[in-house]
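Thanks for making the time this morning. I would like to walk through some backbone details and then a small piece of sheet, so please have the viewer open.

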Amino acid sequence: MFKRLHPSLPVPAALRRDQGFWLLAATAVTLAPHTLHLPGAISGLCALLLGWRAIRLWRGQRPPHRAAILLLTAAACSGVLFVYGRFFGKDPGIALLAILLCLKLLETSAARDIRAAVLLCFFLQLGGFFANQTFPAALLALSGVLLCVVCLLSLTDPAAGTRERLRTGLLLMAHSLPFMLILFVLFPRVNGPLWGLPADAHSNLSGLSDSMTPGSISNLALSSAIAFRASFAAPPPPEQRYWRGPVLSQFDGATWRAEQEVLVPEPAYAATGERLEYQLTLEAHNRQWLFALDFPAAGLAGVRYTHDFRILAEQPVRQRTRFRLASYPASEPGLTEDAFTLTAATHLPEGSNPRAAALARSLASGAETAELRLQRVLEWLRGRKLVYTLQPPLLGRDSVDGFLFDSRRGFCEHFASAFTFMMRAAGIPARIVTGYQGGETNPFDGSFTVRQSDAHAWAEVWLAGRGWVRVDPTALAAPDRVGRGLAAALPAGDARPWMLRADLSWLQTLRLRWEAVSNTWELWVLGYTPERQRELLDKLGLGRLDWSGMAAAMAAACVAVMAALAAWALARRQRLDPLERAWDAFSAKMARRGLARAATEGPLDYGQRIARALPRHAELLREIAARYARLRYRPPASAAEIRALKQQIRMLRF
């Protein structure tokens, strides 16, 4: 194998068809994951260029004229600049490299062109992890690496067959595994993404926003992407699975927004009832919000508290992050709320949604207590027979009036907005809480998963003596939403996201199995953070190493691996059959006389050559070579025959 990689071996000067198709395959596998993130026009251009190259290769045509390739390159660069508006940055850089790789294949005609294209493939395989670090992305990258190695092997050993090249490529990659593991474990980990330019370092992150308009959450609910995972000793009951996110207190007549965050040293409530401990693994969303069950305990590590009972990370969550949290669902927060907060929670813009405001004032008329006003509004909403749907119609400027009196069809944000508006109009402080409600346990690995489709909005009202009380007005129209999830709550005729359709249960099972595999990958590979690396190094007794010490440890580990591989090769050599050991000893004796055996030289040819070089011992040398060939290529040699051969080799004296 190593002989094939020797640089002194001849290298073909022209591109052969098999080399061209190996390179095309490597390029296609390398670019495949990028098509999920590149604009359709650029992906289509790359596909056309690869198809054109495949046709020309199949027909045996020469590369296009250099002027044509230069024109295509200039046009492609102009297209990238037009699409992105710049050349510098992750996305335009990857797009430009993808096109240049395809153009490079068009002009490939020699070994150096293949090597240049393979280097571009390696860089793009690394670039794929800028946007996607999932298990499938890693498998595709490894497949691309294997094909690139096979491309290089086709240069060093043109006569080898496909199976032999693949076997050699896999063997070379297997040799690199110990070194890869050493680098993975010991290379200093850094917080933050693989890419750091401000323009697009954290682009393409989705999730909840700090504002809410009609339709914003229903659009998010169409996504089956994972928002976060949680692990419990035992999951809480469905009615406690409200994961608190942004709290929206400001309303301008169309949009609800979060007010300025006010940090507090610890939660402004007395923790009562059962303590619920859990671990949250949050996907990147580029915000500081953490999604915790009501109501977070005091003294949690790595978090900050707000006046509206939320918790925040110390930095925006720009990579998958794990937190250890605890909550007290039975607590009663806000018993002694300040006057400024309560006044802000009753503000409504002048002239906004006049029909809903008049109705709320009418229902509140004569009601002596806030509890009675609350019950009257809830009864009216229940009797209105509003419809919960993922496909609400568009509403005008007065969206609350349009929902309550015209369309009567909406999603959770419509219900929460209308209810909160009516509460304020009735003189009761109220606000909207957005976050997630529900989640499911994956039966294959036991993880508790909350998806973007679990995004939800509910309301809180302030009642004297009780503090802030959660009210979920969506449950008035869709009571199954809280206990059984989104799919069970939608009307029978409503279209459901394909991952929530009951007739595709096999697909849901497949998804859960795959997510269990992905969760393992994320836990042990992507979850290997600086903190976990430090914990592992502490266990290994290396916790005090700085970066230079870790570099020395990596070097020492690599030397140890190379020594182990050398020892393994020596032991394997010693395990060869006795006949082969005898022949190797004879060859070594001849090599010391300057007559080393070539790797491709058969025993009879070798015997003739050394006999001519040493005429005094010609007869014995021919006899040894002939005896070895007879024993090797005829029925298995007996122990006595092998001893006789060894005796002849020992008799050989110079």
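**Strand pairing and backbone geometry**

Let me begin with one pair of residues in this predicted model: Leu 263 has Thr 306, in β8, as its bridge partner. That contact belongs to the pairing of β5 with β8, which runs in the antiparallel sense over 2 bridges. Taking in the wider arrangement, 3 strands form an open sheet with antiparallel pairing, and their order is β5-β8-β9. Because β5 (263-264) and β9 (311-313) each have a single partner strand, they stand at the edges, and one side of each is left without a neighbour in the sheet.

Now to the backbone, where a reminder may help: most residues other than glycine have a negative phi, and most peptide bonds are trans. With that in mind, which peptide bond here is cis? The cis bond runs from Asp 294 to Phe 295, with omega near -5°, and Phe 295 lies in the loop between β7 (292-293) and β8 (303-306).

Two residues other than glycine deserve a look for their positive phi values, namely Asn 286, with phi near 65°, and Lys 385, with phi near 55°. Asn 286 sits in the loop that connects β6 (276-282) and β7, while Lys 385 is in the loop between α11 (370-383) and β11 (387-388). Are these residues buried or exposed? Asn 286 has a relative accessible area of 29%, so it is partly exposed, whereas Lys 385, at 67% relative accessibility, counts as exposed because that value is over 50%.

Key:
Residues are numbered from 1 along each chain as its sequence is written. This is a predicted model: local features need pLDDT of at least 70, side-chain atom pairs count only at pLDDT 80 or more; totals for chains, interfaces and linings use all residues. Side-chain values use heavy atoms; hydrogens and water are left out. Helices (H or I, at least four residues) and strands (E, at least two) are DSSP runs, numbered from the N terminus. Buried means under 20% relative accessible area, exposed over 50%, partly exposed in between (1.4 Å probe, protein chains only). Two strands pair if DSSP finds at least two bridges between them.
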